[in-house]
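I sat down with this one and kept notes as I went. The entries below follow the order in which I looked things up.

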Amino acid sequence: MNAIHIDKIWVLRLGNIFLGIEPRALKEVLEVTQLTPVPLASPLLLGLLSNHGQIVPVFDLSQVLQVLPADSGLAALVEVEGQPLAFLVSEVAGLRTNLNGALITPGQESLFSAALEDGSQNIRVLNPKRLLEYLAAQMSIPLSTAGPVQAAPLA
C-alpha cells in the first residue's frame, strides 16, 4: 500500500458530502450566473463559461456522486494537465492545514485518491486526473451508436 501524505486540502461541500482537493489543483472558485448550453451534450455537462478568455466546461458531479445538486451558484475551477474544468459545489468549507490527527486512507473509489477522517468529518479527496478521464469518457459518443454519416450528393 502506498503511503499518502496530505499537508493541506481545500474542503468543498457538494450536497451532503465533503470533497477535498489539493491546493495546486484548485485554481479558483467562480460565481456561475450564466452558462452557454452545449446541444446534444451529456447531462453531466451543464454548459460552458468564459473565464479570463478561456472556455471552461462546467459539470454536475452531483449526478456522478448521487447527491443533491448544488444550488449555490458556485463552481470549483480546477486545472488538469493544462485542461480547465469546473464543477458546481454547494459551499467552500475552507482550507484545512492541520491534518496531523486525521486518519488518511487510500481512496476506494475511482475518482478519489484518499479519504480523510478527522473527528466526525469524512472528506473524500478528489483525484483531478481521474476526474478528467472519467468526464472525458462520459462525453464520448461511441461510433457504434452514432450511426453512419451521410454526405449530401453534389449538384
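**Entry 1: a helix across strands**

I started with helix α2, residues 128–139, which lies across β4, β5, β6 (74–80) and β7 and runs at about 90° to β7. Note to self: this is a predicted model.

I then looked for what else holds on to that helix. Lys129 and Glu81 form a salt bridge through their side chains, with 3.5 Å from N to O. Glu81 sits in the loop between β6 and β7 and Lys129 in helix α2, so the pair ties together parts that are 48 residues apart in sequence. Glu81 is exposed, at 65% relative accessible area, while Lys129 is partly exposed at 42%.

**Entry 2: the whole chain**

Next I stepped back to the overall count. I get three helices and 11 strands. From the N terminus the order reads β-β-β-β-β-α-β-β-β-β-β-β-α-α. The chain has 155 residues, and 37% of them count as buried. I put the accessible surface at about 9500 Å², with 52% of that on carbon and sulfur atoms. I also checked how far contacts reach: among those between residues at least 6 apart in sequence, 54% join residues at least 24 apart.

**Entry 3: the five-stranded sheet**

I traced the sheet that includes β7. This open sheet has five strands in the order β3-β6-β7-β5-β4, and the pairing is mixed. Its edges are β3 (26–31) and β4 (45–51), each paired on one side only. From one strand to the next the twist averages 30°.

I picked out one pairing in it. Strand β5 (residues 54–59) runs parallel to strand β7 (residues 83–89), with two bridges joining them. Val58 stands opposite Ala86 in β7.

**Entry 4: the six-stranded sheet**

The other sheet I wrote down is also open, with six strands in the order β8-β1-β2-β11-β10-β9 and mixed pairing. Here β8 (91–96) and β9 (103–106) are the edge strands, each with a partner on one side only. Neighbouring strands are turned by 30° against each other on average, direction ignored.

I went through some pairings from one edge to the other. β1 (residues 9–14) and β8 run antiparallel and are joined by five bridges. Val11 has Gly94 as its bridge partner in β8. At the far side of the order, β9 pairs with strand β10 (residues 112–118) in the antiparallel sense over four bridges, and Ile104 stands opposite Leu116 in β10. β10 in turn pairs with strand β11 (residues 121–126), again antiparallel, over six bridges. There I found Ala114 opposite Val125 in β11.

How many residues lie between β10 and β11 in their hairpin? I count two, and Gly119 in the turn has a positive phi of about 70°.

**Entry 5: two more salt bridges**

The salt-bridge count comes to three. Besides the pair noted in the first entry, I checked Glu91 and Arg13, whose side chains meet at 2.8 Å, N to O. Glu91 lies in strand β8 and Arg13 in strand β1, so this pair ties together parts that are 78 residues apart in sequence. Both ends are partly exposed: Glu91 at 33% and Arg13 at 24%.

I also found Glu22 with Arg24, where the closest N and O atoms are 3.1 Å apart. Glu22 is partly exposed at 26%, whereas Arg24 is exposed at 65%.

**Entry 6: the cores**

Which residues have the most contacts inside the largest nonpolar core? That core has 34 residues, and the answer is Leu19, Leu61, Leu65 and Phe87. β7 gives the most to it, with five residues. A second, separate core has eight residues, including Val11, Leu99, Ala114 and Leu116. Nonpolar side chains tend to be buried together in soluble globular proteins.

I followed Leu19 outwards. Setting aside residues up to four places away in sequence, Leu19 touches a list that includes Trp10, Leu65, Phe87, Phe112, Ile123 and Leu126.

**Entry 7: Leu126**

I ended on Leu126, in strand β11. Buried or exposed? Leu126 has a relative accessible area of 4%, and buried means under 20%, so Leu126 counts as buried. Beyond its neighbours within four places in sequence, Leu126 contacts Leu19, Gly20, Phe87, Leu111, Phe112 and Ser113. I also noted a C-alpha separation of 9.8 Å between Leu126 and Ala25, which are 101 residues apart along the chain.

Terms used
Residues numbered from 1 in each chain as written. Predicted model: local features only at pLDDT ≥ 70, side-chain atom pairs only at ≥ 80, totals over all residues. Heavy atoms only, no water. Pairing = 2+ DSSP bridges. Axes fitted to C-alpha atoms, helices over the stretch in contact; angles between N-to-C directions. Contact = heavy atoms within 4.5 Å. Buried < 20%, exposed > 50% of the residue type's maximum accessible area, 1.4 Å probe, protein only. Areas by Shrake-Rupley, 256 points an atom, 1.4 Å probe, with all protein chains shown as cover. Core = buried A, V, L, I, M, F, W, Y, C linked by side-chain atoms within 4.5 Å. Salt bridge = Lys/Arg side-chain N within 4 Å of Asp/Glu carboxyl O.
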